[in-house]
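Welcome, and please open the structure in your viewer. We will go from stop to stop, selecting a few residues at a time.

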Amino acid sequence: NTETEGVYYNAIELDKNLYRSTSSTKYALFDTISLKKIVFGKNVKLVPASCAYDCDSLEQIVFSSSIREIDLVAFAYCDSLKYIAMPDGVQKIDNGAFWECTSLETAVIPNTVTEIHEYTFTGCENLTIVCTKNSYAYNYAVENGIKVRVTDTQINTNNRQPESKKETENYFDSF
């Protein structure tokens with residue numbers, strides 16, 4: 001438990017905290033009510049299971065371009081999270097990764113994603129997935145009844161995280 005508003009997470013410094021879970025019963029790595037932002041370092045390839053499970057105040061996640069997988073319930077029940085942009089290179093978004101993120105409005109998903117578990121976005125009632133037409137993310141959204149916003153070109157989200165709602169709106173107006 002911490003009183004911090006941001007965590008800068010790098011696998012080199014926190015190797016002992018990285019694990020792959022076979023169930024969602026692991027405790028959150030960052031268990032705090034005041035955590036607002038997580039920044040993943042350039043060496044992190046796996047966002048661990050239950051990473052920020054039930055961090056109600058989490059508003060921003062900055063993924064590094066090295067991320068390849070988001071594990072089980074990594075950000076489940078993060079009620080303040082409204083926007084996520086996954087970087088090029090992410091291939092898998094596992095079961096319940098964003099389960100019951102009730103405020104999540106936008107998920108930008110690149111063409112490199114080839115696996116999204118069917119329960120990844122369960123409970124995200126206002127979600128719109130932003131992706132290219134006929135991508136894996138597009139087909140996932142259509143099959144699961146999730147709103148989709150199609151772009152004409154591959155979205156480059158590497159190191160690109162809007163800092164405010166206004167900047168997010170301007171960012172999407174450019175599509």
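Does D94 count as buried or exposed? Select D94 to begin: at 11% relative accessibility it counts as buried, because the cut-off for that class is under 20%. Keep in mind as you look around that this is a predicted model.

**Stop 1: the charged network**

Leave D94 on screen and add K92. The side chains of these two residues meet in a salt bridge, with 3.7 Å from N to O. K92 counts as partly exposed, at 22% relative accessibility.

Next, select E69. Here K92 forms another salt bridge, and the closest N and O atoms are 3.9 Å apart. This pair links distant parts of the chain, since K92 belongs to strand 7 (residues 92-93) and E69 to strand 5, 23 residues apart. E69 counts as buried, with a relative accessibility of 13%.

Now add E115, which forms a salt bridge with K92 at 4.0 Å between the closest N and O atoms. Again distant parts of the chain are linked: E115 is in strand 9 and K92 in strand 7, 23 residues apart. E115 counts as partly exposed at 39%. Through shared partners, the salt bridges join E69, K92, D94 and E115 into one network. Searching the whole structure gives three salt bridges.

**Stop 2: the sheet around it**

Switch to a cartoon view and colour strands 3, 5, 7 and 9. They form an open sheet in the order 3-5-7-9, with parallel pairing. Strand 3 (46-47) and strand 9 stand at the edges with a single partner strand each, so one side of each has no neighbour in the sheet. Zoom in on V47 and you will find it opposite I70 in strand 5.

**Stop 3: a loop residue**

Move to T114, in the loop between strand 8 (106-108) and strand 9 (115-116). T114 counts as exposed, at 53% relative accessibility. Beyond its neighbours within four places in sequence, T114 is in contact with Q91 and Y136. Select A137 too: its C-alpha is 7.8 Å from that of T114, although the two are 23 residues apart in sequence.

**Stop 4: another sheet and a helix**

Finally, colour strands 6, 8, 10 and 11, an open sheet of four strands with parallel pairing in the order 6-8-10-11. Its edge strands are strand 6 (83-85) and strand 11 (147-151). On average, neighbouring strands here are turned by 20° against each other, direction ignored. Inside this sheet, T106 stands opposite T128 in strand 10. Then show helix 1 (residues 136-143), which packs on the sheet and touches strand 10 and strand 11.

Definitions and conventions
Residues are numbered from 1 along each chain as its sequence is written. This is a predicted model: local features need pLDDT of at least 70, side-chain atom pairs count only at pLDDT 80 or more; totals for chains, interfaces and linings use all residues. Side-chain values use heavy atoms; hydrogens and water are left out. Helices (H or I, at least four residues) and strands (E, at least two) are DSSP runs, numbered from the N terminus. Buried means under 20% relative accessible area, exposed over 50%, partly exposed in between (1.4 Å probe, protein chains only). Contact means heavy atoms within 4.5 Å. Two strands pair if DSSP finds at least two bridges between them. Axes are lines fitted to C-alpha atoms, for helices over the stretch in contact, and angles run from 0 to 180 degrees between N-to-C directions.
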